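Please look over the structure shown below with this short briefing beside it. The points are grouped by topic.

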Amino acid sequence: MFEKVLIANRGEIALRIHRACREMGIHTVAVHSTADADAMHVRLADESVCIGPPSARDSYLNIPAILSAATITGADAIHPGIGFMAENAQFAEMVEEHGFTFIGPTPEHIRIMGDKVTAKRTVQSLGMPCVPGSDGPLDTVEDALATAKRIGYPVLIKAAAGGGGKGMKVALGPEQLREAYQLARGEARGAFGNDQVYMEKYLAKPRHIEIQVLADTHGNAVHFGERDCSVQRRHQKVVEEGPSPALNAEQRAHIGGIAANVVRELGYRGVGTIEFLFEDGQFYFIEMNTRLQVEHTVTEMITGIDLVREQIRVAAGAPLGYGQDAIRFQGHSIECRINAEHPDTFMPSPGRIDGYHAPGGLGVRVDSALYDGYRIPPHYDSLIAKLVVHGASRNECLMRLRRALEEFVIGGVETSLPLHRRIISEPDFINGSYDIHWLEHLLGLKG
Ligand code: MV4
């Protein structure tokens, strides 16, 4: 096992990784920008290294600075956390070249899944159900028109280098498609330096359901069930829950079995998330994320398994040591992502925390690096806390979440706490009847 892990991240996720390391007897190294000198992840780590100025580009994305910090502190392994370096194949490669272990998949697997066309081809060939669409990239507008004729309108043009919704264009008919095709290519070139696009049948009202997977380096792979992440705004997840109110045990075992099988066949290692659209009882693969996710906590609450610990164990070469049968799903969990942002405009609200009280009690977990007097820097994303609640049933979970949101006090900055109190009081949310457009409709962003 590793003796020392460098955590190449900040905020609540750096703290989350530090906690797993501590419980495994592993020493931790924090890295931080000058803006994060007083951050909780820096305070708690055994050692810390300043890696640059506030701008993420010059600090948390500064590969030479991170590798130098690992060298001077004698770390064995580097955990990239979420965002920043987590899905950067070149970083993973350089980490290994410098003699450290990258706590994550191989650079090859990161690369395959980073190109959405290659990802889809690869998993489809291994039996994954995918959205009907083009067989690879679209080379010409004629190619696009012929594919749309075959699969039927409406269609969606997506960027191969995209993901997370960037550079998507819907077309309802051939006229619109000509325009959407050119627009999508131009936007993709501008945003990613890669104008490759592909086509899918457009699903109008799907849910976003994702399967958590884990594989070791000995040919074992399991799934940990699903999370329903349909409650989102502008591709930012707001509330996640597991199990999905839309699935039964049979559907879960079916898609989970396929997901575990695909990662086993791929020779994948580490944790991963396979994202699906779910409509009319059917699953359609859209993307695979080759990293830990913010909402991994929901899965931890219903399985009782520490996913960061598992991630570190398999990176060190340990076998899983259990099979699918050992993974049991108990009760229900809901996570609220709490951002420092204005309730009406959703603009970031950095500043000094003045008055902080986190809820507690049975079944209540708060993952946050906040403390009273902490200054939220304006340079990074606005996630400041995750409130994750567990209950024996979905109803118990909702009742507990309501009281936890009542207790939560974060003074000094604007937060999304009021939005969460509103969401969980909505009859549609209480009934579990929502799709990926539900929150934006509620907020009046769409017709
Ligand atoms: C889709 C879709 C409808 N049909 N693909 C957006 C993010 C990217 N990961 C995939 N996305 C979508 N792909 C087909 N064929 C609708 C979306 C989509 C979406 C998906 C998941 C969560 C939120 C979303 C919000 C808008 C659109």
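Cys 229 is buried, with a relative accessible area of 1%, where buried means under 20% relative accessible area with a 1.4 Å probe and protein chains only. The model is a predicted one, in which local features need pLDDT of at least 70 and side-chain atom pairs count only at pLDDT 80 or more, while totals for chains, interfaces and linings use all residues. Residues are numbered from 1 along each chain as its sequence is written, and side-chain values use heavy atoms, leaving out hydrogens and water.

**Cysteines**
- The structure holds zero disulfides, a disulfide being a pair of cysteine sulfur atoms within 2.5 Å.
- Cys 229 is in no disulfide, and the nearest cysteine sulfur, that of Cys 336, is 13 Å away.
- Cys 397 is in no disulfide either, with the sulfur of Cys 336 as the nearest, 9.1 Å away; Cys 397 is buried, at a relative accessible area of 0%.

**Nonpolar core**
- The largest nonpolar core (buried Ala, Val, Leu, Ile, Met, Phe, Trp, Tyr and Cys residues joined through side-chain atoms within 4.5 Å) has 34 residues, of which Val 231, Leu 387, Ile 410, Ile 423 and Phe 429 touch the most other members.
- Among the elements that give two or more residues to this core are strand E11 (236-242) and helix H12 (394-407), where helices (H or I, at least four residues) and strands (E, at least two) are DSSP runs, numbered from the N terminus.
- H12 gives the most to this core, with five residues.
- Apart from this core lies another, of 28 residues, including Cys 21 and Val 294.

Conventions:
Buried means under 20% relative accessible area, exposed over 50%, partly exposed in between (1.4 Å probe, protein chains only).
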